[in-house]
Amino acid sequence: MKVAELMTPNPDTIGPEATLEEAARRILEKRYGSLPVVDREGCLLGLLQVEELLPHPENIPFSDVEALQLFGEWVDGEFLEDIYRRYQKTPVKAVMRTDIPRLHPEDPVGKALETLLTCEVRHLPVVDQGNRVVGILTRSDFLKLILGRR
């Protein structure tokens, strides 16, 4: 079986200059876990995952204490209003992941599954020979395959 048979074709994408506010709204509306980030020609630049939009715990240097960090900055407990202000101004390109594997429609699904299980992304963009996004493959797609619901 090939990736093209399992992927979701023509996924929603977003441009690198869009704000995080726009990206977050689209992710929520579509119930997606990520959006491929593309240039004007539809070529893949990166991936914006929900995880990049949320604060995450980090060890404070030279300490055993963990604190929340967002977009590379420390945040405190009274941060929701501040996050929203940042979302309104920050472009997607500032936080998107660029170190992501990509698949081709003709790749075997075994290779795709191995990639999903061994990398830190849950959604793999599928690109054509010109690096244009033609689909996306997720862990849920494999669950559907296992349950016979393609």
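I started with how strand 7 meets strand 8 (residues 133-138): the two pair in the antiparallel sense, over 5 bridges. Note to self: this is a predicted model.

Next I checked the register. L124 sits opposite L137 in strand 8. For H123, the bridge partner in strand 8 is T138.

Then the connection. Strand 7 and strand 8 make a hairpin, with 5 residues between them. I looked at the backbone in that turn and found that N131 has a positive phi of about 70 degrees.

I zoomed out to the sheet. The sheet is open, has 3 strands, and runs in the order 1-8-7 with antiparallel pairing. Strand 1 (8-9) and strand 7 are the edge strands, each pairing on one side only.

Is strand 7 (residues 123-127) mostly covered or mostly open? I went through the burial values, and 5 of its 5 residues are buried. Side chains in a regular strand alternate between the two faces of the sheet, so I split the list by side. H123, P125 and V127 are on one side, L124 and V126 are on the other, and every one of these is buried. So both faces of strand 7 count as covered, buried being under 20% relative accessible area.

Last, the helices. Which strands does helix 5 (residues 109-118) lie across? I found strand 7 and strand 8, with the helix running at about 140 degrees to strand 7. Helix 6 (residues 139-146) lies across strand 1 and strand 8, and I noted its angle to strand 8 as about 65 degrees.

Note on methods
Residues are numbered from 1 along each chain as its sequence is written. This is a predicted model: local features need pLDDT of at least 70, side-chain atom pairs count only at pLDDT 80 or more; totals for chains, interfaces and linings use all residues. Side-chain values use heavy atoms; hydrogens and water are left out. Buried means under 20% relative accessible area, exposed over 50%, partly exposed in between (1.4 Å probe, protein chains only). Helices (H or I, at least four residues) and strands (E, at least two) are DSSP runs, numbered from the N terminus. Two strands pair if DSSP finds at least two bridges between them. Contact means heavy atoms within 4.5 Å. Axes are lines fitted to C-alpha atoms, for helices over the stretch in contact, and angles run from 0 to 180 degrees between N-to-C directions.
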